[in-house]
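Open your viewer, switch to a cartoon view and keep the selection box handy. We will go from stop to stop, with something to select at each one.

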Amino acid sequence: MWEDINHSGDGGLYAELLQNRAFQAVIPGTQNALNAWQPYNAAFLSVTSKTDGVSAALPNSLQVRIPQVVTGPIGFENTGFWGIKVQAGWNYKGSFYAKSSDSFNGKISVSLKSNQGTVFATTSVSGVSKDWKKFTFEFQPTVSAPNDQNVFNVALDGKASAGKTIYFGMFSLFPPTFRGRENGMRIDLAEALAATKPSIWRFPGGNNLEGLSIDTRWKWNETIGRIEDRPGRPANWGYPNTDGLGLLEYLNWVEDLEAVSNFQPDSYNLSDTPPTGTHSRSFQEPNRVYSGISIANYSDLTTWPTVPEQDLQPFIDDALNEIEFVIGDAKTTKGGKLRASLGRTEPYALNLIEIGNEDFFGADSYADYRWKMFTDAISAKFPHLEFIATTLPSTALNPAYKKIDFHTYSSPDWFTTAAFMFDDYPRNGSQYFVGEYAVTSTNDTNVLGDIPSGRLAYPTLEGACAEAAFMTGMERNSDVVFASAYAPSLQHIRNYQWTPDIITFDASRAVKSTSYYVQEYFGVLITSAPIQMFSVNRGTHVLQTTPASTTDTAPLFWVASYNNETDTVFLKV
């Protein structure tokens, strides 16, 4: 499951090295607007919207005032996402915008430096004028930094800049990326996820899809095109999203993984064709679409903003436009033509749409009108698409759901007991997507409490074993559990909002958890569809065993499967 939480996107998988690069979703003139920026040699810094920004989407810029008396170079620095990795031989590509109405015409030096001042790479640009100009640069460090306590330094010639004001906007600095994608992914985190050979990729959330208000929801059309034209948003987890990791980046990432996307317009799922029969690993990409509800106070669900029935059509139209953008013909549809104009002529593969996220928090309106209005409209235009519901399984929907997203966070005891929960599930044509699950606590009565009350800071061996037991049940019942995903995926150790997570990282390192290795090596069966996000060892058919794994054989759990393409039997115990 993918969501930008714990800086898993900005500052994590998205390889951009500079935090707060375009001053998005901040209040100009405040100290918080300068997050990750600091003066170098006593320049005066502030974020302002009183001068025209780099673009209509980015009204804020960095105002740098230089004192009248200056000795030596002067400017500012970005501390990255709690550090910057400097690697010898890597080619770093960067850019920024600058302007000045004070006739500044000196050089601007850009460098990667340690906090103590050691320079690892540097270059310079010149030509600032009264209008915004984009400057690009590249450099290669000849030695690696001993740690990630490094900064991106921008320095002006003190004599040339004394007494002047210079404006800067839309900075960017990228190291090499996974598979060389422009605006792409951080290599070590991408490789760790790719090594699990995922079959499903669900994005863009999670709560982050819904926003903390209707207006701050994830808006697909504000995440495409030039990064200069993406306004960003406050997001749901305490830090702004740049949306540099946007819809096209997600879709390209899915193709790089050869996985299947679950697209949430507040949902969706992409694969080459609706899968039938038995098959080897393929990738599903469910896409989520926004379903008309946003998040507020969990203790008072009446505070949650919900779009009334009479006002819902524009949000349905937005979902239709998003889907057309993803799969529409590049010559005959407006959405397809827009996609082609951004460099992608061929449609992406898409077969699953998830309507909302955790809509059991707004089950009444979901059942009354939201589910039906979305599914009716999408089916009319895209009849091949299937839908995933996000309310409680017991909620009666019209039309009846065929697939439902089930989330569970609990204790090891719950997961070992639940290893058999699908054994007696009715074979009535409906299927489960266990879209979020993890052992989160040792406290059965408070599974989402704080660490002193039993919440896990990181996955544990006990928890990973309990998850593996649960996975035996999902694989054994893969005819009714069509997909599953551990959640969340990533956690920046310097700033996070949720524990535990499958991979923990900082600016230069990544640590895989016990749950990661269970997910990677456990694998799952593929029958009518792939069912595991992290999986390597997978079969095409479940095998009956004697004796069978039942409640009588616990605490020993097992499942057997056979891959008819590799002639391999898997026994997972």
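At what angle do helix 5 and helix 7 pack, and how far apart are their axes? Select residues 363–381 for helix 7 and 313–327 for helix 5. The two helices pack at an angle of about 35°, with their axes 10 Å apart. Here axes are lines fitted to C-alpha atoms, for helices over the stretch in contact, and angles run from 0 to 180 degrees between N-to-C directions. Helices (H or I, at least four residues) and strands (E, at least two) are DSSP runs, numbered from the N terminus.

Before you go further, note that this is a predicted model, in which local features need pLDDT of at least 70 and side-chain atom pairs count only at pLDDT 80 or more, while totals for chains, interfaces and linings use all residues. Residues are numbered from 1 along each chain as its sequence is written, and side-chain values use heavy atoms, with hydrogens and water left out.

**Stop 1: helix 5 and helix 7**

Show side chains on both helices. From helix 5, Phe315, Ile316, Ala319, Leu320, Ile323 and Glu324 meet Met373, Phe374, Ala377, Ile378 and Lys381 of helix 7; contact means heavy atoms within 4.5 Å. Nine residues of this contact are nonpolar, none is polar and two are charged. For these classes, Ala, Val, Leu, Ile, Met, Phe, Trp, Tyr, Cys and Pro count as nonpolar, Asp, Glu, Lys and Arg as charged, and the others, Gly among them, as polar. The crossing of helix 5 and helix 7 is right-handed (the near helix is turned clockwise from the far one by less than a right angle; anticlockwise would be left-handed).

**Stop 2: helix 5 and helix 6**

Keep helix 5 and add residues 334–341, which are helix 6. Helix 5 and helix 6 pack at about 55°, with axes 7 Å apart. That angle makes helix 5 oblique to helix 6 (under 35 degrees counts as roughly parallel, over 145 as roughly antiparallel, 65 to 115 as roughly perpendicular and the rest as oblique). This crossing, too, is right-handed. On the helix 5 side, look for Glu324, Phe325, Val326 and Ile327; on the helix 6 side, Lys334, Gly335, Gly336, Leu338 and Arg339. By class, the contact holds four nonpolar, two polar and three charged residues.

**Stop 3: helix 4 and helix 5**

Now swap helix 6 for residues 247–257, helix 4. The axes of helix 4 and helix 5 come within 12 Å and cross at roughly 45°, so these helices are oblique to each other. Leu247, Leu248 and Leu251 of helix 4 meet Glu322, Phe325 and Val326 of helix 5. Five of the contact residues are nonpolar, none is polar and one is charged.

**Stop 4: the largest pocket**

Leave helix 4 on: with five residues, helix 4 gives the most to the lining of the largest pocket. A pocket is an open set of points on a 1 Å grid over the protein atoms alone, with protein on both sides within 12 Å along at least five of seven lines; a cavity is a set where a 1.4 Å probe fits but cannot get out, and lining residues have an atom within 4 Å of a point. Select Phe174, Arg181, Glu182, Asn183 and Gly184, which lie nearest the centre among the 36 lining residues. The space here is about 1,000 Å³, where a volume is the space filled by probe spheres set on grid points joined across faces, edges and corners. The lining divides into twelve nonpolar, 13 polar and eleven charged residues.

**Stop 5: the second largest pocket**

Which residues lie nearest the centre of the second largest pocket? Select Glu358, His407, Tyr409, Glu436 and Trp498. This pocket has about 420 Å³ of space, and strand 16 (residues 403–410) supplies the largest share of its lining, five residues.

**Stop 6: the largest cavity**

The whole structure has two cavities of 30 Å³ or more. To find the largest, of about 80 Å³, select lining residues including Asp4, Asp10, Trp218, Asp243 and Tyr250.

**Stop 7: backbone details**

Finish with Pro488, in the loop between strand 18 (481–486) and strand 19 (490–492). The peptide bond from Ala487 to Pro488 is cis, with omega near -10°. The bond from Thr499 to Pro500 is cis as well, with omega near -5°.
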